[in-house]
Each structure stands twice: as structure tokens, then as C-alpha cells.
Amino acid sequence: MRRRASRAAGETPEVVTDDPAAVHGGHAGDPGDLDDPGDRVDPFDRFASVDERATRSARSGARRDARARQVVLRTHAHRHALPDAFASMHRRGTIMVRLAAIVVAATVVTAVVTGVGDGIETPRPLDAAAAAATAVLLAGLVCTDRHRRFAWTLLTTAVGVLVTALAWQVWLDPIGWERTSNVICVGGVLLLTVAVAVVGRSATTGASRSDRLDGVVIVLGACAGLATLWQGSADALRVESDTARLALMMVGADVLLLAVAVATVSAMRYRPTLSAGLTVLAATAMLVADLRSLQVLLELGVQVGSFAATPPPTPTGTTELRVVALLLIAVAAWLPQSSRADLPVRRPDISVAPVVASFIALVILGATIIGEVNTAAALLAFATVATIILRAGLTVHDIHSGGESYRLARTDELTGLTNRRGFLEGLDRLIEVAPLNVAVMVIDLNGFKEVNDSLGHHAGDELLRLAADRFRPVVGSAGLLARLGGDEFGVVIMVRDKHAALEGASMLQRSLDDAFEVDGLSVRVGAAIGVALYPSQARTRSGVLRSADVAMYDAKTRRTGVELYHPASDFCTRDKLQLLEDLREAIEHRRLTLHYQPKVGLTDGKITGSEALVRWQHPTRGLLTPDEFVPLAERA
């Protein structure tokens with residue numbers, strides 16, 4: 001523990017502690033608390049023994065340390081109060097989910113126990129209360145997640161509309177306003193579809209539109225197959241009652257909701273999160289409930305010849321099934337929404353479900369020509385095929401956009417040549433298939449910096465474009481020409497031997513002999529070209545590029561224009577680096593020696609002077625002359 005007490009008047013002593021676990025009690029927060037009777041000097045203390053004074057001082061220090069540690073702990077707790085509040089809020093949200101589940105479970109049990117034997121029931125206030133609990137649960141999410149507040153607000157509003165429809169069905173339908181609740185319910189399902197689409201899109205931001213349409217194809221194809229098997233679908237489109245039409249519209253809205261939910265799953269590459277799975281289950285539950293209601297209406301219509309029943313009949317369990325669907329949506333909203341689209345997926349597994357749904361739709365359309373399929377199934381099959389065509393168009397567009405993006409990612413914007421990335425990929429391909437030597441050239445323009453600094457960057461850019469136009473006809477279509485960056489270009493060609501490679505480099509250099517017209521002035525630039533051969537001089541892509549770069553700098557230093565890679569000029573090899581490190585050590589330990597060579601006059605034979613020559617007795621390489629280590633020292 002370290003204690004620093006401020007001497008200034010009115011300042012609080014600052015205490016810094018390393019052991020917060022040592023706090024056992026006491027009160028802190030007031031500077032006066034540090035003043036303890038044990039801390040005061042006893043006037044008779046001089047008569048106490050040394051041990052007593054030491055014990056008293058230790059006890060007083062321990063009390064001060066404990067109170068100081070408590071101050072630090074309280075400050076730490078205050079700093080973390082806000083995250084703790086959010087964590088507590090999340091725990092309260094979990095409790096709300098459990099309470100809502102208990103309420104809805106009780107509602108379902110009550111419905112099963114009190115169910116009517118003839119299959120028809122009347123919605124109860126308990127159903128509306130359970131549905132309202134899910135809306136309250138979602139409202140709590142709106143208050144806690146500000147990043148996606150719009151999506152949660154939309155979802156809460158949709159559930160609120162469905163709760164309103166259920167409440168209308170409980171209290172107002174019995175007095176003769178039965179159609180209003182159905183209209184509200186259709187609007188609520190459509191709004192819920194939009195909300196689920198918004199939430200699903202935020203959870204799968206990296207998915208393509210084609211992947212999302214796969215889910216729509218699956219749902220439409222499956223519904224077309226089910227409509228073929230369901231006998232009631234043949235009568236559903238021929239109804240004349242507004243109540244039955246509204247029930248049919250609710251089924252259509254449920255199909256759309258299920259399609260959007262499954263589209264989110266397909267966007268996750270069929271690796272859905274638990275939240276997405278629960279949303280699909282909820283949409284399926286709503287579809288089953290509304291199909292059951294439509295079936296009952298059709299059966300009663302056939303029996304009595306009209307749809308004039310008031311209030312509209314509600315099959316046993318359908319209301320509870322809708323409430324359970326709302327609960328599943330609310331629970332799914334509280335679960336993590338992150339996508340698993342980045343997980344590795346086998347492509348055949350992804351395409352099986354849409355292909356099967358497409359095949360079903362085509363078979364149904366083929367059967368429609370013969371006249372053996374009802375209208376509802378034919379319409380769903382037609383919608384499936386239309387979605388397949390749209391998906392194919394989007395796929396072609398994505399492929400075209402992907403190809404264009406691929407080309408742009410490997411093209412230099414200024415000159416239109418291949419950029420460094422495309423150059424490296426093309427070099428890899430040529431190295432793999434070339435039967436002859438591959439010559440790699442690195443070209444650096446001499447005099448470009450002066451033009452760029454004197455006339456401006458626009459003139460420098462124009463000079464680079466003109467130089468690229470000079471290089472293109474020389475390289476032709478048999479080689480690869482690229483701008484590597486700045487005023488540096490790269491060339492890859494296949495050659496028979498080093499003489500053909502040097503001749504090609506000389507042609508590139510001669511293409512720059514004529515002057516360039518830049519910004520109204522005639523300017524001339526040259527080039528330093530380094531040439532390296534694969535595989536004779538390097539056996540890897542990085543090795544041959546480095547060798548060509550070394551040769552280019554050698555050509556620039558010697559002012560020769562074109563240079564083939566020579567290992568002796570490469571001062572960046574492992575052997576040269578080790579020799580340079582040995583030279584530093586030799587200089588530090590004074591291991592360099594002087595050898596004196598006398599100068600003798602030819603006329604009289606007398607020694608007129610001497611020349612001092614440095615030598616290095618290397619521990620493993622023996623006696624080294626200056627030409628072996630002096631160039632290393634000059635470059636270092």
C-alpha cells in the first residue's frame with residue numbers, strides 16, 4: 001500500500017492501494033474519517049516501551065489502510081454502475097420472457113381443458129391478456145436496444161395490432177362487428193411481415209438477394225404442393241362471403257410472413273440462429289391456425305349454403321396457437337440475432353431445397369395444362385416459377401457485377417494496366433504452366449521525379465499513361481505488363497534463354513527514346529530495367545521478384561539501363577547478411593589488420609613509401625580482401 005497525503009489546505013489525502021480484498025468493514029468517504037484517536041500523538045508516549053509504540057502504530061496504520069481500500073472499492077463500484085444496470089435490465093428481460101411463457105402455457109392448458117366438443121370455441125379475455133403480455137415484452141426491448149430501435153418498434157407495433165384484433169374479437173365481435181377484427185388481423189400480419197423482414201435483414205447484412213429469394217421459392221413451392229393435396233383449396237377461391245374472403249386473405253398474409261422468415265434462414269446459408277428458427281416456427285403456427293379457420297368456414301358454408309354466421313366460428317385451439325406464435329416471436333426478439341453466414345457450408349446442401357421446390361412447381365404447372373390441378377395450387381406454382389426467374393436474373397446480375405468487381409480490383413485506374421495484385425496472380429499462373437524460362441522485369445523510370453515535382457502531379461500522371469502506351473506494343477499479348485506502383489512497371493514474358501530476355505528488356509528501353517509531350521513541354525525519361533529468370537535464378541515467385549528488383553537497382557547504380565541478375569551484386573542474401581554482422585563484430589573487437597605494401601623506385605631500387613591495405617582474418621572464411629567486405633560496409 002502506498003499513501004500520499006497532500007499538504008495543501010482543503011485537499012483530501014489521496015490513497016492508492018493494491019489490495020482491495022483486504023477490506024473488512026468501516027466507513028469511508030469523508031476525509032475526517034482518516035483521523036482516528038489512535039492516530040493522535042500521546043504526550044506520555046515517550047514513556048512507553050518501543051514494542052508498545054510499534055504495536056499501536058501498526059494498528060493505526062491497518063485501520064487507515066482498511067478505510068482507504070473501502071474508498072477505492074466504492075469508487076470502482078460507482079464507475080461500473082452503468083454496465084451493471086444494463087446487465088440487471090437484461091436479467092429482468094429474461095424474467096419477463098419466463099413470466100410470459102408461464103402465462104401463455106396456462107392459457108393453452110385452460111383451452112385444452114375447457115374445449116368444446118364440437119370443435120368451436122369463443123375467444124376468452126385470458127387469450128387477449130396473454131397476447132398483451134408479449135407486446136409488453138417487446139416494448140421492454142424497444143427501451144433497451146437503441147441501435148435497432150426502429151426494427152423493434154415496428155415489431156412491437158405489429159404485435160400490438162394483432163393484440164388489438166384479438167381483443168376486438170373477444171369483446172366487440174359478439175355484438176355484430178365480426179369483420180372488423182379480421183381486417184385488423186390481416187393488417188397486423190402484413191405489418192408483422194415487414195417487421196420480420198427488417199429484423200432479418202439487419203441480422204444478415206452480408207447475404208445476397210439471390211440467397212434470400214431461395215427461401216421464398218421453398219415456401220411457395222411447398223405451399224403449391226400442399227394446395228394440390230388439400231381438397232378445400234378448390235373451393236377457397238370461389239367463396240362469396242366477405243368473412244371467408246378475409247380468412248383467405250389472412251392465409252395469404254401468413255404465407256408471405258413464412259416466406260420472409262424462411263428467406264432469413266436461407267440468407268444464413270441454412271445455419272439459422274435460434275431466433276430465426278423460432279420466427280419460422282411462429283409463422284408456421286399462424287399459418288396452421290388460419291388454415292384451420294378457413295377450413296371450418298368452408299365446411300359450414302357447404303352445410304348451410306351461406307356464410308351468414310355471426311359471430312364467425314373459431315375452431316378450438318386456433319386462438320391459443322396464435323398467442324403461442326406471438327410468444328415465440330417475442331422470445332426470438334430477445335435472443336441473439338447474429339448470423340452464422342460466415343460458417344463453412346457445402347454448396348450441394350444449399351441448393352437442394354430450392355431445386356426440389358422448383359421441381360414441384362413445374363410439375364404442378366404441367367398438370368394444370370391437363371386440367372387436373374385446382375386454381376389455388378396453380379397460382380402458387382406460377383408465383384414459384386416467377387420467383388425462380390427473378391432469382392435467376394439476380395444471379396446473372398451478381399455474376400456480372402462480381403466479374404466487373406474482379407476486373408476492377410486487378411486493374412490500375414491511372415494507366416489501365418494490370419495492377420500489382422493482378423501481376424502477382426498472373427506470375428503465379430505462368431510459373432505453374434510455362435515450359436520455358438520465365439523472365440521477370442522490373443522497370444523504374446529515370447527522370448520521372450523531376451517531371452512530377454516541376455510540372456505537378458497531373459503531368460506525372462500523364463507521363464505514366466504515355467509510358468504505358470509505349471510499353472504495350474512491345475510486350476504484346478504474349479506477355480504480362482503491369483504498373484506495380486509509383487513509376488515502377490513489371491513485365492513477365494516466356495523466353496528461351498537469358499539473351500532473349502535481355503533483348504526484350506532492351507526493346508522496352510528503346511521505346512522510351514523519343515521525347516514525350518507533357519503539359520506543352522517536350523520531356524525525356526529513361527528506364528532502369530532489372531531482369532531475373534525463373535527457375536534458373538530463383539525458384540519462387542517472391543525470389544524471382546526480389547532478384548529482378550536487385551538487378552534494377554544495379555542498373556540504376558551503374559547507369560547501364562539493363563542488367564541481368566548477378567548473385568555477386570546481391571547484398572541482401574542470407575550469406576551477405578551474416579558476413580555484414582561478422583564485420584560489425586570484427587570492427588568492435590578490432591580484428592581488422594593493416595598490411596603495408598612498399599613502394600620501390602625503379603631507377604635506384606630504394607623504398608620511397610608504403611601503401612596501407614586492410615585485411616580481415618575471418619574465423620571461418622580465412623583471410624578476406626577489401627573487395628569482399630568493403631562494398632558491404634558502404635551499403636550498410
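**Notes on the predicted model: overall make-up, helix 15 and strand 5**

1. Overall make-up. The protein has 19 helices and 14 strands, and keep in mind that this is a predicted model. Of its 636 residues, 41% are buried. Looking at contacts with a separation of 6 or more, 70% come from residues 24 or more positions apart. About 35200 Å² of the protein is exposed, with carbon and sulfur atoms supplying 60% of that area.

2. Helix 15. This one covers residues 457–475, 19 residues in total. From first C-alpha to last, helix 15 reaches 27 Å, close to the expected 27 Å. Right after helix 15 comes Gly-476, with a positive phi of about 70 degrees.

3. The buried side of the story. Which residues of helix 15 are buried? They are Ala-459, Gly-460, Leu-463, Leu-464, Ala-467, Ala-468, Phe-471 and Val-475. An α-helix has 3.6 residues a turn, so residues three or four places apart point the same way. The cover over the buried residues of helix 15 includes strands 5, 6, 7 and 8, along with helices 14 and 16.

4. Strand 5. Strand 5 (437–446) is part of that cover. Strand 5 is itself largely enclosed by the rest of the structure, because 9 of its 10 residues are buried.

5. Partners of strand 5. Strand 5 runs antiparallel to strand 7, and 8 bridges join the two; there, Asp-444 has Glu-488 as its bridge partner. Strand 5 also pairs with strand 10 (residues 526–534), again in the antiparallel sense, over 9 bridges. In that pairing, Ala-439 is matched with Leu-533 as its bridge partner.

Note on methods
Residues numbered from 1 in each chain as written. Predicted model: local features only at pLDDT ≥ 70, side-chain atom pairs only at ≥ 80, totals over all residues. Heavy atoms only, no water. Helix = DSSP H or I, 4+ residues; strand = E, 2+ residues; numbered from the N terminus. Buried < 20%, exposed > 50% of the residue type's maximum accessible area, 1.4 Å probe, protein only. Contact = heavy atoms within 4.5 Å. Areas by Shrake-Rupley, 256 points an atom, 1.4 Å probe, with all protein chains shown as cover. Expected span 1.5 Å × (residues − 1). Pairing = 2+ DSSP bridges.
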